[in-house]
Amino acid sequence: MPKDHGIGASPKRREDLRFLTGSGRYTDDINLRGQAYVHFLRSDMAHGKINGINTRMAEEMPGVIRIFTGADFEGIGGLPCGWQVTDKHGQPMQEPGHPVLAQGKVRHVGDPIAAVVAESREQARDAAEAIEVDIEELPAVIDMKAALEDGAALVHDDLTSNLCYDWGFVEENKAAVEEAFQKAAHVTTLELVNNRLIANPMEPRVAVGDYDRADDESTLYTTSQNPHVIRLLMGAFVLGIPEHKLRVVAPDVGGGFGTKIFHYAEEAFCTFAAKQINRPVKWTASRSEAFISDAHGRDHVTKIQLALDADNNFTALRTDTYANMGAYLSTFAPSVPTWLHGTLMAGNYKTPLVYVNVKAVFTNTVPVDAYRGAGRPEATFQLERVIDKAALELGVDPIALRRQNFITEFPYATPVAVEYDTGDYHATMDKLEEIADLKGFAARRAESETRGRLRGLGINCYIEACGIAPSNLVGQLGARAGLYESATVRVNATGGLVVMTGSHSHGQGHETSFPQVIAEMIGIDESMVEIVHGDTSKVPMGMGTYGSRSLAVGGSAMVRATEKIIKKAKKIAAHLMEASEADIELKDGQFSVAGTDKSVAWGDVTLAAYVPHNYPLDEIEPGLEETAFYDPANFTYPSGAYACEVEVDPATGKVTIERFSAADDFGNIINPMIVTGQVHGGIGQGIGQALLEGAVYDENGQLLSASYMDYAMPRASDVPFYTVDHSCQTPCTHNPLGVKGCGEAGAIGSPPAVVNAVVDALRSAGKDITHIDMPLSPARVWAAMNG
Amino acid sequence: MTEVTMTVNGKLMRGEVEGRTLLVSFLRDQLGLTGTHVGCDTSQCGACVVHVDGKAVKSCTMLALEADGAEVATIEGQADADGSLNVIQQAFQDHHGLQCGFCTPGMVMSAAALLKENPKPTEDEIRHYLEGNICRCTGYHNIVKAILAASGQEAAAIAAE
Ligand code: FES
Ligand code: FES
């Protein structure tokens, strides 16, 4: 019987009521009295020297309030980068400036040159067209390897090259890895591309800046996954506004997937301009603008090699990656190909030696940063592809090869600096074999063949690392932020609770799942708990939501604060019942004295806290409100095994996903319905990456895939119903809930399954194909078959 | 500026618009009906779907003036007066057919139009009908399941968990 309440239940989402009736409050729904509108004039050139900007004509246009250019931001900070990577020689990465509005040069198509603030959106746009810009086109560097050649044009003239860093990990292992390759019985090599993606949350970014002259206070409403981080970055590094004079609000946010983590120029601009003109300033991105201004994701070019001994044990792994940074360093960009990628290269396997090299490169393209999975999909894709290729070369079963090399003992210290606390990779693989009905594949393949279709099966495993932590470690790795989370739990006199959490929900359903935890802890109904998030004036501090960290880190902070509440409430209950605190038990919302029939209700105790007539005032203060900051001891390590079955039409190369199965281990689960939904969404995006999506630049740096006409988003008819199971549960050992995080797994685990399946399908027709680069468009698949 | 009049969710509404004002801007900016969303500028995403004279229309693709005199239905008018959800809305909640909620108004309005045309659509028919509605969050699984359920078909039997 499934639970209907507390941890493990799937109550309907309470946030749905507003979203289903059109009463959500997204940032673009916010209109402030007297607000002006900004339109950004953006570069249509990938690289150019700004010789002059003439705004005189535009200033005369109807409705124009003021036009800003880079000159208005001289002396004001640029957009900061939140992570400094140290290269393999111990030197800090090259870190160029990132002005709010272009200064001196434009560096990618979409780089903002000027901003027109006007009475209406249309007037701002019309006036922007009247600005005369004199830009001298410079040669653009688009291809990463070409960008590193001698004599390549420099994206940043003040840097010595286009190399951001050359990172080696673990540098001390390099020689041992080389030696293992010398001794290997077999080496499998694979070169591949992890295609550049655009996150495309359905809500485009919006920023509304406001300024209150009387109090000298600035407010920014923004589509963000982490408003406190924006407050810190923008306040401290860009505009010089102290936190107590700056409020950042991220109300309902229509999806993030990483791209709404970062601090963007438009946020700083609207906050700055509102103060300058003393009126609210609003910016709403069009989708076309989103394509050239939201940070992109992935874009790695990799060569990976796997060494095996004569018994097919993995003995070493070596990988060389070029990672595109784009034209500027977005907030967390440097961490993605390094600490979020290199540390995952052991995967689910006991490969004793691993060496990862990453060259991060500046190009004249939109900045690249975290997108759902962030580094972990790139690690998983190359690893799971090279294992499949090794299985082909050796003529062994790909599942058996994986099982033979699985890590089976935990905790397990990998050769890439992390320690997995728990996992059971055989269990998820067993579960996958069952739910995917792998035994029935041969019959399904035969049936497809009767219809002239090639059927393929692809399987893979993944490991991911969520809730990046602890702060003192990530500080050593170059993070310029802490990675804890905070929560304040306020209990009202009549027993209801308000939780102010630093986690942000933009689709994840925290308003429903977080109360389940508290309801379970106290034994009250979820309806007594309200969640507040997304407003720096209400929540003390927060690091936000990304890296599947909300429940593991934010939920843990909430648990810690609630534990403090319960501890204090027990003291009050002990006083009320004239018993010893040690004998007080809390169950089903009742405090009782062990071994007696004495009890008081939760509500009596909370009332006593605020009406302290009969109260231990000499021992404790009145009131019932507690705050906790939780800094995890380690990452969490969800894992799983995925299977994809495809059909390929040999006449056209078109791939259809026939079945997709996912067996995940997320540790303990609070709300199975929400977890299932997260996996579905991740798989949808992973299938998108594998079959459809790709951001494409031409050699001049024009983004060819800059609208939904050219960038193929997965539609309902591109995907099947998925089979998802998360009954394998090895709880995390170091957070109080035993949870691991589920937000990114689907996007990490699914691309290799799809590609493995297509390769398998083509090989079933006798084609000697070992790899096709994503997206596996009909043209690419057809060419591979007929090439 | 030209005057337009239309019945929106059963109420007569009037406004002044420019020739270039889109129906979605009129609904959002002038009438304050912000439940209808804008997700693109190429008429591809369907976040803006409303009904005009009973037909599903992308309100980013229609001028406000073209809707002069029309009956317009938006997401705000879908629930009953007492706030209870209609069958489609309820099915979306029951089957977790939404996450961030941004595509949801368009999805619900498209689903309503589909079920009017085709009260018992197959899974395939639903997926094809939603060609013009993009959702980035759900992977579509639970949206399709919700629409099957709203049409009175046993979604659980068709869609594995
Ligand atoms: S906003 Fe109308 S289709 Fe995208
Ligand atoms: S629920 Fe977020 S786009 Fe559909």
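**Exercise 1. A:Asp369**

Does A:Asp369 count as buried or exposed, and at what relative accessibility? Work out its surroundings as well.

*Solution.*
This is a predicted model, in which local features need pLDDT of at least 70, side-chain atom pairs count only at pLDDT 80 or more, and totals for chains, interfaces and linings use all residues. Residues are numbered from 1 along each chain as its sequence is written, chains are lettered from A and ligands numbered from 1 in the order in which they are written, and side-chain values use heavy atoms, with hydrogens and water left out.

Step 1. Apply the cut-offs: buried is under 20% relative accessible area, exposed is over 50%, and partly exposed is in between (1.4 Å probe, protein chains only). A:Asp369 has 2% relative accessibility, so it counts as buried.

Step 2. Place the residue. A:Asp369 sits in the loop between β17 (354–362) and α9 (376–394) of chain A. Helices (H or I, at least four residues) and strands (E, at least two) are DSSP runs, numbered from the N terminus.

Step 3. List the contacts (heavy atoms within 4.5 Å). Not counting residues up to four places away in sequence, A:Asp369 touches ten residues' worth of neighbours that include A:Phe262, A:His296, A:Arg298, A:Ser330 and A:Phe332.

Step 4. Find the polar contacts. These are pairs of N or O atoms within 3.5 Å; within protein, one must be able to donate a hydrogen and the other to accept it, and residues adjacent in sequence count only if both atoms are side-chain atoms. The side chain of A:Asp369 makes one with the side chain of A:Ser330, at 2.7 Å. A polar atom of the A:Asp369 side chain also lies 2.8 Å from the backbone nitrogen of A:Phe332.

**Exercise 2. A:Glu645**

Which side chain makes a polar contact with the side chain of A:Glu645?

*Solution.*
Step 1. Locate A:Glu645: strand β28 (residues 639–648) of chain A. Its relative accessible area is 2%, so A:Glu645 is buried.

Step 2. Scan the neighbours beyond four places in sequence. Among them are A:Ala436, A:Phe441, A:Arg444, A:Arg455 and A:Glu658. A:Ala436 is 209 residues away along the chain, yet the C-alpha atoms of A:Glu645 and A:Ala436 are separated by 9.1 Å.

Step 3. Pick the partner. The side chain of A:Arg444 makes the polar contact, at 2.5 Å.

**Exercise 3. Two open sheets**

What is the strand order of the open sheet of three strands, and which strands stand at the edges? Then treat the open sheet of four strands.

*Solution.*
Step 1. Two strands pair if DSSP finds at least two bridges between them. The three-strand order is β4-β2-β6 (chain A), with antiparallel pairing. β4 (105–106) and β6 (132–137) of chain A each have a single partner strand, so one side of each lacks a neighbour in the sheet.

Step 2. Check the register. β2 (residues 48–54) and β6 of chain A pair over six bridges. A:Gly48 stands opposite A:Glu137, and A:Ile50 opposite A:Ile135. Two bridges join β2(A) to β4(A), where A:Lys49 has A:Lys105 as bridge partner.

Step 3. The four-strand order is β23-β22-β21-β27 (chain A), with mixed pairing. Its edge strands are β23 (529–532) and β27 (625–630) of chain A. Neighbouring strands are turned by 20° on average, direction ignored.

Step 4. β21 (residues 485–491) and β27 of chain A pair in the antiparallel sense over six bridges. A:Glu485 has A:Tyr630 as its bridge partner.

**Exercise 4. Backbone outliers**

Which peptide bonds are cis, and which residues have a positive phi although they are not glycine?

*Solution.*
Step 1. Read omega. The bond from A:Phe169 to A:Val170 is cis, with omega near -5°. Another cis bond joins A:Phe410 and A:Pro411, with omega about -5°.

Step 2. Read phi. A:Ala417 has a phi of about 75°, and B:His96 one of about 55°.

Step 3. Add accessibility. A:Ala417 is exposed at 61%. B:His96 is buried at 1%.

Step 4. Place the two residues. A:Ala417 lies in the loop between β18 and β19 (419–420) of chain A. B:His96 lies in the loop between α2 (87–94) and α3 (104–117) of chain B.

How values were computed: Axes are lines fitted to C-alpha atoms, for helices over the stretch in contact, and angles run from 0 to 180 degrees between N-to-C directions.
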